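Student: Hey, can we go through this one together? I'd like to start with how the terms are defined.
Tutor: Sure, here it is.
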Amino acid sequence: DMVYMFSDGYADQFGGEQHRKCTYRRLRELLARIAPQPAEAQQTALAQELAAWRGRLEQIDDVLVVGVRAL
């Protein structure tokens, strides 16, 4: 199991084809997809997805995502 805490920065980032917010739904779906992966792979996936979403738009807020794996 993974437990995540995050700021609003990831979900509030504008991007995509219509320059809309990323949304908490999109973030939750991404976290559910990557949860089984090692932490380093999750970090890479989160960064790549955010960069792809933003495209050429400027980052508008701080982005914090913390994940803890239950052993």
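Tutor: Let's fix the accessibility classes: buried means under 20% relative accessible area, exposed means over 50%, and partly exposed is in between (1.4 Å probe, protein chains only).
Student: And what kind of model is this, and how is the numbering done?
Tutor: It is a predicted model, where local features need pLDDT of at least 70, side-chain atom pairs count only at pLDDT 80 or more, and totals for chains, interfaces and linings use all residues. Residues are numbered from 1 along each chain as its sequence is written, and side-chain values use heavy atoms, with hydrogens and water left out.
Student: OK, how many helices and strands are there?
Tutor: The chain has three helices and four strands, counting DSSP runs numbered from the N terminus (helices are H or I, at least four residues; strands are E, at least two). In sequence order the pattern is β-α-β-β-α-α-β.
Student: What is the radius of gyration, and what would a compact globule have?
Tutor: The chain has 12 Å, which agrees with the value near 11 Å for a compact globule of 71 residues. That radius is taken over C-alpha atoms, and the globule rule is 2.2 Å times the number of residues to the power 0.38. Along its principal axes, the C-alpha trace spans about 40 × 20 × 20 Å.
Student: What share of the residues is buried?
Tutor: Of the 71 residues, 27% count as buried.
Student: And how much of the contact set comes from residues 24 or more positions apart?
Tutor: They account for 70% of the contacts with a separation of 6 or more, where contact means heavy atoms within 4.5 Å.
Student: Switching to single residues: where does Q42 sit, and is Q42 buried or exposed?
Tutor: Q42 is in helix α3, residues 39–54. Q42 counts as buried because its relative accessibility is 4%.
Student: Which polar partners does the Q42 side chain have?
Tutor: One is the side chain of Y4, in a polar contact at 2.6 Å. The Q42 side chain also reaches the backbone oxygen of Q37 at 2.8 Å. A polar contact here is a pair of N or O atoms within 3.5 Å; within protein, one must be able to donate a hydrogen and the other to accept it, and residues adjacent in sequence count only if both atoms are side-chain atoms.
Student: What else does Q42 touch?
Tutor: Leaving out residues up to four places away in sequence, Q42 touches M2, Y4, I34, A35, Q37 and R69.
Student: A35 is on that list, so to speak; where is A35?
Tutor: A35 is in the loop between α2 (24–34) and α3, and A35 is buried at 18% relative accessibility. Beyond four places in sequence, A35 contacts M2, Y4, Q42 and R69. A35 and R69 are 34 residues apart in sequence, with 8.9 Å from C-alpha to C-alpha.
Student: What about S7?
Tutor: S7 lies in the loop between β1 (2–6) and α1 (9–12). With a relative accessible area of 15%, S7 is buried, and S7 touches D62, V63 and L64, not counting residues up to four places away.
Student: Last topic, backbone angles: what is the phi of H19?
Tutor: Phi of H19 is positive, about 55 degrees, although H19 is not a glycine. Most residues other than glycine have a negative phi. H19 lies in the loop between β2 (14–15) and β3 (20–21) and is partly exposed at 47% relative accessibility.
Student: And T23, what is the phi there?
Tutor: Phi of T23 is near 85 degrees, also positive in a residue other than glycine. T23 lies in the loop between β3 and α2 and is partly exposed, with a relative accessible area of 36%.
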